[in-house]
Amino acid sequence: MEMELDPDEVFRDDEDDPEAEAVRESASTKELSVYLVDASPRMFLAQSPSGHDKDESYFHVAINCVVASLKTQIINRSYDEVAICFFNTREKKNLQGSDGVFVFDVGDRESLDRPTARLIKELSCLEETFAKEIGSQYGIVAGSRENSLYNALWVAQALLRKGSAKTADKRLLLFTNEDDPFGKMKGAYKADMTRTTLQRGKDAQDLGISIELFPLIQPNIEFDVSLFYADLIGIEDDDIAQFISGVGERFEDMKYQLRKRMFKKRIVRRLTFSIVNGLSIEVNTYALVRPLVPGSVVWLDSVTNQPLKIERSFICADTGALVQEPTKRFFPYKNMNIKFSVEELADIKRVSNDQLRLLGFKPLSCLKDYHNLRPSTFIFPTDQELIGSTTIFIALHRSMLRLQRFAVAYYGISSHPRLVALIAQDEIKDVGVQVEPPGMHMIYLPYADDVRHIEELHLSPKTLAHQASEEQINRAAALMKRMDLKDFSVCQLGNPALQRHYGILQALALEEDDLPEIKDETNPDEEGLSQPGVVKVIEQFKHSIYGDRYESSRSASDEKRSEASKKRKANAENALKECENYDWAELASSGKLMSLTVADLKCYLMARGLPLSGKKEDLIGRIKMDLRK
């Protein structure tokens with residue numbers, strides 16, 4: 001079978017393909033996590049770790065954190081997989097048959113799999129039936145050889161055997177309010193239990209599994225990490241105080257960073273960096289700042305709700321039979337059809353066999369600000385596959401810093417080659433704490449047609465250009481200095497439109513009646529702007545620009561706003577009278593809303609203060625959502 005080649009299709013950029021992003025996302029490093037929650041009777045004490053709500057138990061706080069984390073995970077990276085495991089339980093459920101460990105799951109979902117709406121819903125209600133169906137008991141008691149913590153680490157390690165360490169980050173998140181699990185034991189029993197459990201933790205870490213502790217700190221009682229968990233997770237004595245101070249921030253991140261679609265500092269891709277012929281090293285790339293965009297569309301089967309797998313078959317136009325042999329492509333040239341195989345096309349498009357290849361060096365002064373075409377990527381070496389990569393990377397890194405040079409390199413896939421600039425960054429510390437790590441930033445350089453030169457507006461000689469006076473410049477500088485945001489980061493703000501988008505999806509998936517509360521962090525800080533010092537510099541700046549004319553123009557604009565407000569109020573009152581002529585609940589339940597006109601539908605929306613934009617189907621959906629409230 002032969003197909004005519006489309007030149008634009010052959011050399012089309014992969015980034016222009018809407019399906020390519022989903023493929024790249026699923027192919028990049030996944031995160032496999034096991035939430036390990038202590039279920040001992042001590043976790044069910046009716047005393048919140050925050051000390052504000054005496055009706056909350058530690059177990060309730062842990063479950064809420066896990067649920068919030070799962071919701072965030074579906075938004076951030078839906079390809080990640082999780083497992084939920086309880087230890088110190090009366091019942092046991094795990095493949096190893098270990099006592100005191102219960103792996104929680106729902107339906108046909110595997111123990112370690114992508115989170116689902118059903119998993120989140122049933123986990124949210126688990127506390128009501130936990131005592132009856134699973135139960136709680138101390139799995140580590142004096143005079144017994146049972147060790148539920150050891151069993152839990154063993155089960156979690158077995159769950160995380162899925163996936164390769166090359167393509168998956170494996171984490172174990174441990175929630176407990178017991179700082180010394182072997183405190184009731186003494187002598188040789190305690191030493192043996194402690195030693196074997198620490199060895200189990202070390203074995204898991206040797207397999208690439210990171211262990212993270214979330215201590216549920218009790219009011220007025222210190223969680224002493226040094227008793228046991230410092231050795232388990234590998235915290236030095238000097239870092240214990242810093243670890244405890246950061247516990248609150250970690251809980252805040254887990255509970256309140258929803259719907260922001262934050263990109264974690266995880267490995268995006270592992271690359272082979274070719275220095276010269278015959279010498280290559282391995283590096284990891286990390287995403288730093290990325291634009292906030294909704295997730296890619298995934299087509300689902302209408303019956304099973306499972307993702308659809310797209311397959312393509314070729315049918316012979318003459319016989320109607322399926323073509324089994326590989327297709328060949330051709331391109332007409334001088335009354336001849338030049339045939340190409342798939343392999344030949346791949347060779348034609350291949351620019352280099354290297355993922356990242358060093359081409360040369362240039363002074364840093366040659367790199368301009370406008371050369372930064374898109375968000376950069378951070379590069380850091382790894383010795384996981386190629387031993388010695390870190391040593392060679394450090395030598396290259398130090399030389400580039402010393403000589404003030406940046407490296408020019410080839411990067412990309414065959415159909416989308418790019419030139420990039422590698423800029424060495426030295427380590428930055430503040431009071432002994434690392435603020436910026438050493439490494440390299442990969443700047444994506446533009447092609448010639450990507451650079452747009454500035455078009456200056458040339459005024460005619462008769463036109464007088466307005467220039468700010470020295471007083472106006474000083475007032476503007478004072479205003480900027482007074483309103484400067486300290487320690488500001490773009491990561492502090494969430495996109496309100498995306499937050500609402502994910503809030504609606506969450507309500508639909510979990511069958512919630514009410515939409516989650518959306519906080520618009522882009523609104524002005526009314527409290528900060530009303531401070532006397534800020535008000536003073538604002539008024540001084542306005543007076544320097546407008547003078548006395550500002551007050552008169554403001555009063556005229558106030559009158560216009562007042563008239564517009566009166567008009568909107570009158571329209572809302574008329575709409576309220578019109579919509580009283582219909583039984584909206586009956587029309588919605590009987591499916592007769594479609595028979596109404598757009599004007600009638602907008603009367604209801606205007607009376608309720610809802611948006612009026614969109615097609616007729618959008619208006620009806622908005623009315624149904626409001627009626628459900």
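Trainee: Is Lys92 buried, partly exposed or exposed?

Mentor: This is a predicted model. Buried means under 20% relative accessible area and exposed means over 50%. Lys92 has a relative accessible area of 46%, so Lys92 is partly exposed.

Trainee: Which residue forms a salt bridge with Lys92?

Mentor: Side chains of opposite charge can pair when their charged atoms come close. Here the closest N and O atoms are 3.1 Å apart. The partner has 35% relative accessibility and counts as partly exposed. The residue that pairs with Lys92 is Asp99.

Trainee: How many residues apart in sequence are the parts that Lys190 and Asp180 tie together?

Mentor: The side chains of Lys190 and Asp180 meet in a salt bridge, at 3.9 Å from N to O. Asp180 is buried, with a relative accessible area of 16%, whereas Lys190 is partly exposed at 28%. Lys190 lies in helix α7 (residues 187–206) and Asp180 in the loop between β5 (168–176) and α7, so the parts they tie together are apart in sequence by 10 residues.

Trainee: Within what arc do the buried residues of α20 fall, seen down its axis?

Mentor: The buried residues of α20 are Leu619, Ile620, Ile623 and Asp626. They pack against α18 (584–590) and α19 (598–607). On the other side of α20, Glu617 and Arg628 are exposed. The buried residues line one face of the helix, because they fall within an arc of 125°.

Trainee: Which helix gives the largest share of the largest nonpolar core?

Mentor: This core has 37 residues, and Leu36, Leu172, Leu174, Val225 and Tyr229 touch the most other members. The largest share is 6 residues, and it comes from helix α6.

Key. Residues are numbered from 1 along each chain as its sequence is written. This is a predicted model: local features need pLDDT of at least 70, side-chain atom pairs count only at pLDDT 80 or more; totals for chains, interfaces and linings use all residues. Side-chain values use heavy atoms; hydrogens and water are left out. A nonpolar core is a set of buried Ala, Val, Leu, Ile, Met, Phe, Trp, Tyr and Cys residues joined through side-chain atoms within 4.5 Å. Buried means under 20% relative accessible area, exposed over 50%, partly exposed in between (1.4 Å probe, protein chains only). Helices (H or I, at least four residues) and strands (E, at least two) are DSSP runs, numbered from the N terminus. The arc is that of the directions from the helix axis to the C-beta atoms. Contact means heavy atoms within 4.5 Å. A salt bridge is a side-chain nitrogen of Lys or Arg within 4 Å of a carboxyl oxygen of Asp or Glu.
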